[in-house]
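Please open the structure in the viewer and keep the selection panel at hand. The tour begins with the whole chain and then proceeds to single elements and residues.

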Amino acid sequence: MPSETTYSARSRAHLSLRGVDVTFGTTRVLHQVDLTVTPSSRIGIVGENGRGKSTLLHVLTDSITADAGKVMRHGTIGVAEQEMSIDDDRTVGDAVAETIAPAVAALEEVENASVALADEETGADERFAVALERAEALSAWDAERRVQLALEALDAETDDEVVLSTLSVGQRYRVRLACLLGGSDDFLVLDEPTNHLDRSGLDFLTQSLRDRDGGVVLVSHDRALLSDVAESIVSLDPTPDGRPRLYGDGYVGYRERSEAERIQWEQEYARQQAEHEQLQQDLQAAQDRLVGGWRPPKGSGKHRRATRAASTVHNVQRRQQALEEHALSIPEPPLTLNFPDLHAHGGSTLLSAEDISVDDRLHGPVSLAVSGGDRLVVTGPNGAGKSTLLQVVARRLAPTTGVVTQHASARVGFLQQESRLPSDQRVGRVFESHVQRLISRQVIEARRAVELRDLGLLTSSQTLMRVGELSMGQQRRLELALVLAARPHVVLLDEPTNHLSIRLVDELTAALETTGAAVVLATHDRQLLRDTQHWPRLELTRATKVGGAVPS
């Protein structure tokens, strides 16, 4: 991406935004954004989908021009966006050569300056000193080695002759990321850099960003990466004044302070709404008195009737003015997850699977048992069969070997990685139809039916939309709502954090910790694994047989 300087500025590098606004059509995406990035910055950008995270990165890198405000750039910027071209006809060797070109040029200048110095040319001393300083700043002597190490660590293609367009999206992404991590740009600007990385790749990325001699700005839903790398957090989530928030005490500080601010926002909103409601009631009471309550007793003189009428009218006018002057200055706070009350089932074993295997999908035998209130995390690499195991346990897939048993009265809810929602139906209708089916099948009693608005997952306006109009995150919220509607005794969750905002994931994690239902969780989410590290584990592998019942 273009920047204000061709060569690295190193310690003098900086990026600065002041009062930046960006509007697309009639939608204001960014408002009054202030941000300074230095060579030592480690900044994470968070926010709900559609809140302008990628737009902010584009403003930083000059691929989008702000509608208002001031942007200053000094230094080179390496960029990794989520989307990649499929028509890149360069080879892996070309990508590496472009990455190390500044280092190669710096070494050539050192060589030329040393020749000039040997020939005692005028100004050769200063020329050599400048060239040496630049080469040292770029660590030019091991530039190629750094890129090769990054390629290997990220499990990327290392054959110089391979054309990038012939690689998979994941492989192309890893080659690009390796070049950035091994390069010498003053700043790295990364949009969801954990995509397409395995556990070892994530570890290498984390360590590289922490050790890097240069500023880092990253957008990520990976809470573990933010926790391990980011020293400052820019939150683009809704705020009472519509402006972003900067938290300078890392991800943990962001979570604590933003939660406190959220509570204060909710309290202020409730107070203002209560005051407004009281003023409306006062006005209504005054208007009622104006209609029939102001008349004095029979026999009163005209003067008394006129005086009382004028007083009542004046009272209505004062109440009306007070209501009009009471501006609702605080917007409605964002939704908060309200997990329904799920009780533990009285039965001893709710779900059990004995000696399960599925040809080409789940190596066995695998066994587990779940009782009321149990917690279990299913872990393992891609291809180990975590999703397959949950599908078998939920009785959505027949095993090749083994038996699955479910307690006759146990309600089981299953949040799959992907589900098929009717895209042309209204959100509210989809949920209501689902609840009515649960009632008609006597899965739940009508008096125990869950209201969608009470879950805090979707706004009133979103319930009126068609499912196909929802974002991926909003559809995931609807899927979770449908699972909770059955008030399950056992909740099976397959990668539940996919497409969900950081705030909602934190709220869901807290709810899973305290719910009375049993929970079986399959996830790659490193922060969720950390948060549930005290839960029992069932580790699956691609080739090794796993057996034995999990303690309840």
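Among contacts (heavy atoms within 4.5 Å) between residues at least 6 apart in sequence, 72% join residues at least 24 apart. The model is a predicted one, in which local features need pLDDT of at least 70 and side-chain atom pairs count only at pLDDT 80 or more, while totals for chains, interfaces and linings use all residues. Residues are numbered from 1 along each chain as its sequence is written, and side-chain values use heavy atoms, with hydrogens and water left out.

**The whole chain**

Display the chain as a cartoon. It holds 15 helices and 17 strands; these are DSSP runs numbered from the N terminus, with helices being H or I of at least four residues and strands being E of at least two. The radius of gyration, taken over C-alpha atoms, is 31 Å, well over the 24 Å that the globule rule (2.2 Å times the number of residues to the power 0.38) gives for 552 residues, so the chain is more spread out than a compact globule. Turn the C-alpha trace along its principal axes, and it spans about 125 × 75 × 40 Å. Of the 552 residues, 47% are buried, where buried means under 20% relative accessible area, exposed over 50% and partly exposed in between (1.4 Å probe, protein chains only).

**Strand β6**

Next, select residues 187-191, which form β6. Is this strand buried or exposed? Five of its five residues are buried, so β6 is largely enclosed by the rest of the structure. Phe187, Val189 and Asp191 lie on one side, Leu188 and Leu190 on the other, and both faces are covered.

Add residues 77-80 to the selection: this is strand β5, which pairs with β6 in the parallel sense over four bridges. Strands count as paired if DSSP finds at least two bridges between them. Here Ala80 stands opposite Leu190. Then add strand β7 (residues 215-219), whose pairing with β6 is also parallel, over five bridges. In this pair, Leu188 of β6 faces Val216 of β7.

**Two residues with positive phi**

From β6, move into the loop that leads to α6 (199-211) and select Glu192. Although not a glycine, Glu192 has a positive phi of about 50 degrees. Its relative accessibility is 8%, and therefore it counts as buried.

Finally, select Ser139, in the loop between α3 (124-137) and α4 (143-153). Ser139 is likewise a residue other than glycine with a positive phi, near 45 degrees. Because its relative accessibility is 37%, Ser139 counts as partly exposed.
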